[in-house]
Amino acid sequence: MLLSSYVSSAVSSTLYSSSCRLQGRFHLNGMHKAGDVVLGGLFKVHFFSVFSDMSFTSEPQETICQGFDVLGFRHAQTMAFAVNEINRNSNLLPNVTLGYSLYDNCVKLGIGFRAALSLVSGQGEEFILEESCVGAPPVLGIVGDSYSQPTIAISTVLGLYRVPMVSYFATCSCLSDRQKFPSFFRTIPSDAFQVRAMIQILKRFGWTWAGLLVSDDDYGLHAARSFQSDLAQSGGGCLAYLEVLPWGNDPAELSRIVDIMKKSTARVVIVFAHESHMIYLMEEINQFWEHTFQCRFAPPPAGWVESGRAICTGDEDLENVETELLDVSNLRPEYNIYKAVYALAYALDDMLQCVPGRGPFSGRSCASLQRLEPWQLVYYLQKVNFTTPFGDQVSFDENGDALPIYDIMNWLWLPDGQVKVQNVGAVKKSALKGEEFTIDVDKIFWNFQSKEPPRSVCSESCPPGTRKARRKGQPECCFDCIPCSDGKISNMTDSTECTACPEDFWSSPQRDHCAPKKTEFLSYHEPLGICLTTTSLLGTFICAVVLGIFIHHRSTPMVRANNSELSFLLLISLKLCFLCSLLFIGRPRLWTCQLRHAAFGISFVLCVSCILVKTMVVLAVFKASKPGGGASLKWFGAMQQRGTVLGLASIQAAICTTWLVSSSPAPHKNTQYHNDKIVYECVVGSTIGFAVLLGYIGLLAILSFLLAFLARNLPDNFNEAKLITFSMLIFCAVWVAFVPAYVNSPGKYADAVEVFAILASSFGLLVALFGPKCYIILLRPERNTKKAIMGRGTTK
């Protein structure tokens with residue numbers, strides 16, 4: 001507004017005279033040096049200010065600034081030093097003397113704005129212009145301001161007239177917007193880079209839970225938004241709290257913020273604020289104040305031995321002590337000011353070296369100090385590229401930002417109680433290597449008893465075997481660790497999901513890896529398998545012994561009277577029955593699954609067929625002993641007996657063949673019984689086929705039982721029908737009990753039940769049919785005579 005007023009008043013003045021008059025003047029704290037070209041500067045030399053009426057009057061308006069800022073004064077002196085150094089340099093701006101006009105902004109936007117307008121408008125009471133009201137501007141460019149908020153306001157206005165402004169301390173990323181701030185440059189990195197650097201430090205130390213304090217201005221609020229956005233995108237952590245520091249000393253608000261910090265579990269605090277804010281905040285902490293002034297706010301507790309510490313009054317002055325908060329031992333801000341002054345000087349030097357007719361402007365013209373337009377210097381400033389005497393390259397990108405670099409500083413507490421700020425790393429960006437982050441962890445001083453970096457997490461990492469479950473209503477960094485369920489694992493830290501194991505695998509007890517599932521089948525190596533195998537072999541051996549006895553005593557009446565050929569065949573069949581039980585033991589294979597039921601079915605049909613034919617022969621012999629019954633024996637000759645047994649077995653063989661061809665039994669990995677086990681079993685393939693096989697055996701057994709039952713009272717001293725009846729009764733009882741037991745037995749126990757049924761029924765047949773005969777043959781040979789068997793002799 002002041003610029004507009006100045007220009008309009010100047011134009012109108014030309015209508016009446018060749019002089020222009022200022023609308024108003026400000027009484028500002030400043031430092032000046034004359035020169036052919038003058039550079040402006042805005043610095044905070046005081047913290048506080050009181051200024052009078054804002055209206056424009058012909059009288060200077062008084063501004064009172066208080067609270068001397070050593071750092072700000074140092075900054076102003078740095079600009080004066082850089083200007084003087086350039087004037088002594090014969091290679092840079094020869095024959096041109098630089099001057100400066102520096103003003104104190106008192107950390108107030110209104111004062112800084114007044115100072116900037118005074119710089120670009122001129123401070124003379126009356127100055128002469130050409131008729132066209134043009135000429136060299138009062139200042140060539142401005143170095144400043146120190147903070148983002150006043151810089152945004154000032155640069156917005158100066159940008160309308162393309163007056164170059166080079167800041168050394170304004171970091172708001174919003175200032176990189178070339179549409180809004182076309183003539184703004186800075187030698188300090190923007191907050192966008194500072195935020196990324198902060199996040200890299202958080203990641204380096206594993207700090208996922210941090211508090212954020214920001215100043216209540218454009219700098220702090222823009223930094224807060226950028227920090228939250230980048231932190232969320234990087235997945236590097238969460239904010240425990242976000243608090244805006246008040247302007248000025250607001251004890252109630254500051255006390256509230258300190259209370260939040262104390263109650264929070266976050267051990268790391270990120271701050272985007274000015275030191276003036278931090279002074280007020282530090283005054284609210286008992287610990288900072290007591291450490292700085294070596295006093296206590298309350299008497300020490302009972303039993304506490306402490307001497308030499310007075311009671312704090314709260315009136316102690318921070319400016320009267322050396323503290324790490326106000327340390328001025330480093331020259332980083334000053335170096336940015338130094339580079340800003342040199343950038344303007346090099347841009348002016350490039351402009352003055354322009355050759356007429358080869359210039360960059362319309363008609364290939366050049367600019368001159370006598371008719372300089374601000375945008376012309378902006379053009380050269382955008383292209384400036386030089387190296388400082390300290391070896392650092394300075395140039396600006398398309399947004400007016402310099403190559404960013406930040407030093408990582410650490411407050412080192414020395415044994416004598418003093419504090420030293422030391423460099424422990426850097427974050428920088430170069431054209432060749434991009435962004436680089438380096439930090440020397442061994443040099444860092446940690447003010448903790450452990451001398452180690454603090455842990456700052458909302459929730460500890462979830463170990464392998466667990467998954468993260470977010471706590472309702474809390475940030476994503478706050479979670480509980482839930483153990484993975486059975487069959488699922490997580491093999492990484494902080495897994496969000498548990499993954500299911502493959503079909504043949506199961507989760508380990510720690511749920512951190514998948515282990516092959518335990519396999520279960522009726523094994524030869526387990527006690528049950530060993531017992532059944534031993535019993536099977538024992539039965540086979542007994543059958544072989546009995547067969548040997550019968551062969552050895554084949555000419556005796558006991559063997560001859562009991563149809564020796566069928567007895568031999570029955571013993572061989574029983575031997576096969578005992579042996580076929582071995583097919584049910586061991587890991588199921590395709591061939592064992594196919595063979596086990598076929599062998600079992602045919603072996604038992606042979607047994608029962610032999611018994612059935614023996615029963616039929618007994619009945620035929622008894623019938624033949626009656627008058628007129630001799631013709632019945634012709635149907636039960638040796639050939640007929642063999643043919644009947646073979647025919648009955650052939651039917652079972654046909655059933656087995658049909659079953660195997662249509663729906664063959666096969667090995668199967670069953671996971672239904674136990675989730676953590678694989679039960680290897682043979683599926684029957686066709687339940688109907690299995691039922692027909694068992695049903696055929698049962699039919700023959702029942703038929704044998706009925707015929708034997710009818711012949712049980714035949715008049716023989718040794719009636720084999722009674723033995724057959726008893727053996728069939730045992731056989732049927734075993735297999736009737738087998739069906740429900742088999743159906744309700746899982747896995748290997750189903751095989752064990754079937755093997756037990758085979759062995760029990762086989763032993764039943766063996767003992768019932770051959771036990772009494774072997775007893776007589778071996779132990780009662782006197783009863784092994786024809787008369788004794790026919791019941792016509794006496795025995796002792």
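**Exercise 1. Determine whether I572 is buried, exposed or partly exposed, and place this residue in its surroundings.**

I572 is partly exposed, because its relative accessible area is 41%; buried means under 20% relative accessible area, exposed over 50%, and partly exposed in between (1.4 Å probe, protein chains only). The structure is a predicted model, in which local features need pLDDT of at least 70 and side-chain atom pairs count only at pLDDT 80 or more, while totals for chains, interfaces and linings use all residues. Residues are numbered from 1 along each chain as its sequence is written, and side-chain values use heavy atoms, with hydrogens and water left out.

The next step is to locate I572, which sits in helix α14; helices (H or I, at least four residues) and strands (E, at least two) are DSSP runs numbered from the N terminus. Together with L537, L576 and L579, I572 forms a nonpolar surface patch with about 320 Å² of accessible area. Such patches take residues with over 30% relative accessible area and no salt bridge, joining nonpolar side chains (Val, Leu, Ile, Met, Phe, Trp, Tyr) within 5 Å and like charges within 9 Å. Accessible areas come from the Shrake-Rupley method with a 1.4 Å probe, and for residues only the protein chains shown count as cover. Helix α14 (residues 564-580) contributes the most to the patch, with three residues.

**Exercise 2. State how confident the prediction is, and identify stretches of low pLDDT.**

The chain has a mean pLDDT of 82, and 84% of its residues reach 70 or more; pLDDT is the predictor's confidence in each residue, from 0 to 100. Residues 124-133 stay under 50, with 25 contacts beyond four places in sequence; a contact means heavy atoms within 4.5 Å. Residues 792-796 also have pLDDT below 50, and this stretch makes seven contacts beyond near neighbours in sequence.

**Exercise 3. Describe the salt bridge between E243 and R256.**

A salt bridge requires a side-chain nitrogen of Lys or Arg within 4 Å of a carboxyl oxygen of Asp or Glu, and the count by this rule is 15. E243 and R256 form one with an N to O distance of 2.6 Å. Since E243 belongs to strand β13 (residues 238-245) and R256 to helix α7 (residues 251-263), the pair ties together parts 13 residues apart in sequence. E243 is buried at 11% relative accessible area, whereas R256 is partly exposed at 35%. Finally, E243, E253 and R256 are linked in a network of salt bridges.

**Exercise 4. Assign the handedness of two disulfides and explain why C607 is not bonded to C577.**

The structure contains eight disulfides, a disulfide being a pair of cysteine sulfur atoms within 2.5 Å.

1. C238 and C477 are joined with an S to S distance of 2.1 Å. The torsion about their S-S bond is about 85°, so this disulfide is right-handed. The bond links strand β13, which holds C238, to the loop between β22 (466-470) and β23, which holds C477, across 239 residues. C238 is buried at 8%, and C477 is buried at 10%.

2. C462 and C481 are joined with an S to S distance of 2.1 Å. Their torsion is about -95°, so this disulfide is left-handed. C462 is buried, with a relative accessible area of 0%, while C481 is partly exposed at 32%.

3. The sulfur of C607 has its closest cysteine sulfur in C577, but the two are not bonded because 3.6 Å is too far for a bond. C607 is buried, with a relative accessible area of 0%.
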